[in-house]
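Q: Could you take me through one residue in this model in some detail, and then work outward from there? I'd like to see what surrounds that residue and how the wider structure fits around it.

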Amino acid sequence: METITHDEVQSTASSPVQDVEAPRFTRRETLLTMAGVLLVMLLASLDQTIVATAMPRIISELQGFDRYTWVTTAYLLASTVMVPIYGKLSDQFGRKPIFLIGIVLFLTGSVMCGAAQSMNQLIAFRAFQGLGAAALMPIAIAVVGDLFTPRERGKWQGVTGAVFGLSSILGPTVGGWITDNSTWRWVFYVNLPIGIIALLVLIFLMPTLRSKSKDTRIDYIGAALLMAGTIPLMLGLTWAGQEYDWLSWQILGLFAMALVFMTLFFFYEHTLEKRDAQPIIEPSMFKSSVFSVSVAITMITNIAMFGCILFLPLYAQGVLGISATNSGLLLAPLMLSLILASVISGQLVSRFGRYKWIAFVGMIVTVGGMLLLLRLGVNSTQADLIIAMIVLGLGLGFGMSLYTLIVQNSVSAKKIGQATSSLTFFRQIGGSVASAALGSVLLNTYKPAFHNALSTDVKSFFDMIGGHAPGGLGDQLLSSFDNPNILLSTDAQTKTEAFFAKFGPAGKTVYGEILGAVKDGLALGIHNLFLISLGLTIVGFVLLFFLKEVPLRGSSQSQATQEAVADSEEIANPVLMH
């Protein structure tokens, strides 16, 4: 590899546009390839939201309530484990073959899921589908990095963020319509027409995007260690607070196992890298502060984002009493503002070639949105919720695809797939942490808040109808409200109200107070989640001060120059710091 002097590195880093070369691909190749890529991204993101909407119908027909979570867990396990492996393979063998393999596996898994005759079959087929899904999103984003210069990528990164937001709106709506008007099996079969069109476009019109590296050794041991570390970690995060207590020996054992194998994985990868072999994740990438800080911000803010988005529908339905009939439209204000901000941020980063100020704006607006969420309570209105969601969506949209662009700009061309998939891997881990940890916080907060909201008259009423003995009928009736499900089911409310009506006016009064206490407990629990999310976002904001500004290149540089710029980051500190 040719060397580059300190002055050349500084010049390269400080000049956003230079040495414009002829594009490597024709405009027709580029646009048609991006059409296929966007279809694949829509396919991957739609699948999760559509299936989630249909799950109640699925478990009812397949008699699998006791294995409800495993349908999601199996998919998440397989897809998370394989993400970095596919990314590295795409760097070695080229994007196109790995991309096509992933699509074929995903579509095959979709057919198998649609044909499942039992819950165990569905779980196994969802895991198979996840093996293919792992290749879709990260490689699609890596293809954007291959086709466009860093300055040009911003426009397309905004579009990819918009696809994600659009799927979040369409998915639940389409899933609900399919489930109500046809069999649930079509939530899987619907992937076929979209996937086949994308497959044909990519087979015949996508350029090879083949890696120039002749070293195509596969890191089998590293892959095995990564799986051995990721699987117990994901299981622990999924089961903690649900199947087992956080401090139970089962959960602690899974986390200990994950720590041991992940330590062995990074030690082994470091050994491979020193021998100039082909590790799945090169530990040296974390020596780049741009990469490591971007990964940290992405993981932290993803936990915060999920902490808000996952529980907003629960607040809307449980506290505000908004109907869940059109649940797909519940998050529409947030997602529409997210789409708008994602497109705008992509255009801005392409126009100015700098990203740090955009990241700061996005984080500040996100903090503002979370502060508005903190103001929500039992007496808030639907308008209060919509305003908070719009502001939050604008903030999240500014940073939705930005860090992928930053990471791709910080590494050489031959590492784009690996860097992109690594970022996706840690982003998914962050989402799993949010689902498990914040869900436990809600459950642990709700119960004492509910009991504290009950008046002495209500407690006396339960003592009267159930006796004073601990564990008697009164205590059993009261403990039935230790989860807020009554707020989410009209049928449950009707039956509960009818039960208390038997006790006359006093019973009706108690029923009203209990509903109020349930709302108070749920509102406080969700408020605490918003508070945690706000704290995490502030941590992400602080980390932004440590993110170096590397002006985006406006032209395709030689691979040697890209490597020199990426590898010489520490040398060029005075220029890169802004």
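A: Gln 129 belongs to helix α5, and since this is a predicted model, everything that follows describes the prediction. Is Gln 129 buried or exposed? With a relative accessible area of 0%, Gln 129 is buried, because the cut-off for that word is under 20%. What does its side chain make a polar contact with? The partner is the side chain of Ser 110, at 2.8 Å.

The surroundings are worth a slow look. Setting aside residues up to four places away in sequence, Gln 129 touches Asp 47, Tyr 75, Phe 106, Gly 109, Ser 110, Cys 113, Phe 188 and Asn 191. Two of these neighbours, Asp 47 and Phe 188, make good starting points for moving outward.

Let's take Asp 47 first. Asp 47 is buried, with a relative accessible area of 0%, and Arg 126 forms a salt bridge with it, the closest N and O atoms being 3.0 Å apart. Arg 126 lies in helix α5 (residues 119-147) and Asp 47 in helix α2, so this pair ties together parts of the chain that are 79 residues apart in sequence. Arg 126 is buried too, at a relative accessible area of 4%. Side chains of opposite charge can pair when their charged atoms come close.

Helix α5 takes part in another such link. Arg 95 forms a salt bridge with Asp 146, and here the closest N and O atoms are 2.5 Å apart. Because Arg 95 lies in helix α4 (residues 95-114) and Asp 146 in helix α5, the pair joins parts that are 51 residues apart in sequence. Arg 95 counts as buried at 3% relative accessibility, and Asp 146 is buried with a relative accessible area of 10%.

Now to the other neighbour, Phe 188. Phe 188 counts as buried at 0% relative accessibility, and its ring pairs with that of Trp 184. The two rings are edge-to-face, 6.3 Å centre to centre with 85° between the planes. Trp 184, at 1% relative accessibility, also counts as buried. Both of these aromatics meet Ile 58: leaving aside neighbours within four places in sequence, Ile 58 is in contact with Leu 122, Trp 184 and Phe 188.

That trio of contacts leads straight into the nonpolar interior. The largest nonpolar core has 82 residues, and those with the most contacts inside it are Ile 58, Phe 99, Met 119, Leu 122 and Phe 188. Helix α2 (residues 27-62) supplies the largest share of this core, 16 residues. A second, separate core holds 54 residues, including Ala 316, Leu 330, Met 335 and Met 400.

Stepping further back, the salt-bridge count comes to six. Lys 88 and Glu 282 form one of them, with the closest N and O atoms 3.4 Å apart. This pair links distant parts of the chain, 194 residues apart: Lys 88 is in helix α3 (residues 68-93), while Glu 282 is in the loop between α10 (249-274) and α11. Both Lys 88 and Glu 282 are buried, and together with Lys 415 they are linked in a network of salt bridges.

Helix α11 follows that loop. Spanning residues 289-309, α11 has 21 residues and reaches 29 Å from its first C-alpha to its last, close to the 30 Å expected at 1.5 Å a residue. Of its 21 residues, 17 are buried, so α11 is largely enclosed by the rest of the structure.

The aromatic side chains round out the view, with 15 aromatic pairs in the count. Phe 265, Phe 266, Phe 286, Phe 291, Phe 425 and Phe 426 form one aromatic cluster. Elsewhere, Trp 239 is buried at a relative accessible area of 17%, whereas Tyr 244 counts as partly exposed at 32%.

For a contrast with the setting of Gln 129, have a look at Leu 336 in helix α13 (residues 332-352). Leu 336 is exposed, with a relative accessible area of 52%. Its C-alpha atom is separated by 8.7 Å from that of Leu 394, which is 58 residues away along the chain.

Technical notes. Residues numbered from 1 in each chain as written. Predicted model: local features only at pLDDT ≥ 70, side-chain atom pairs only at ≥ 80, totals over all residues. Heavy atoms only, no water. Core = buried A, V, L, I, M, F, W, Y, C linked by side-chain atoms within 4.5 Å. Buried < 20%, exposed > 50% of the residue type's maximum accessible area, 1.4 Å probe, protein only. Helix = DSSP H or I, 4+ residues; strand = E, 2+ residues; numbered from the N terminus. Contact = heavy atoms within 4.5 Å. Expected span 1.5 Å × (residues − 1). Salt bridge = Lys/Arg side-chain N within 4 Å of Asp/Glu carboxyl O. Polar contact = N/O pair within 3.5 Å; in protein donor to acceptor, adjacent residues only side chain to side chain. Phe/Tyr/Trp six-rings, centres within 6.5 Å; stacked < 30°, edge-to-face > 60°.
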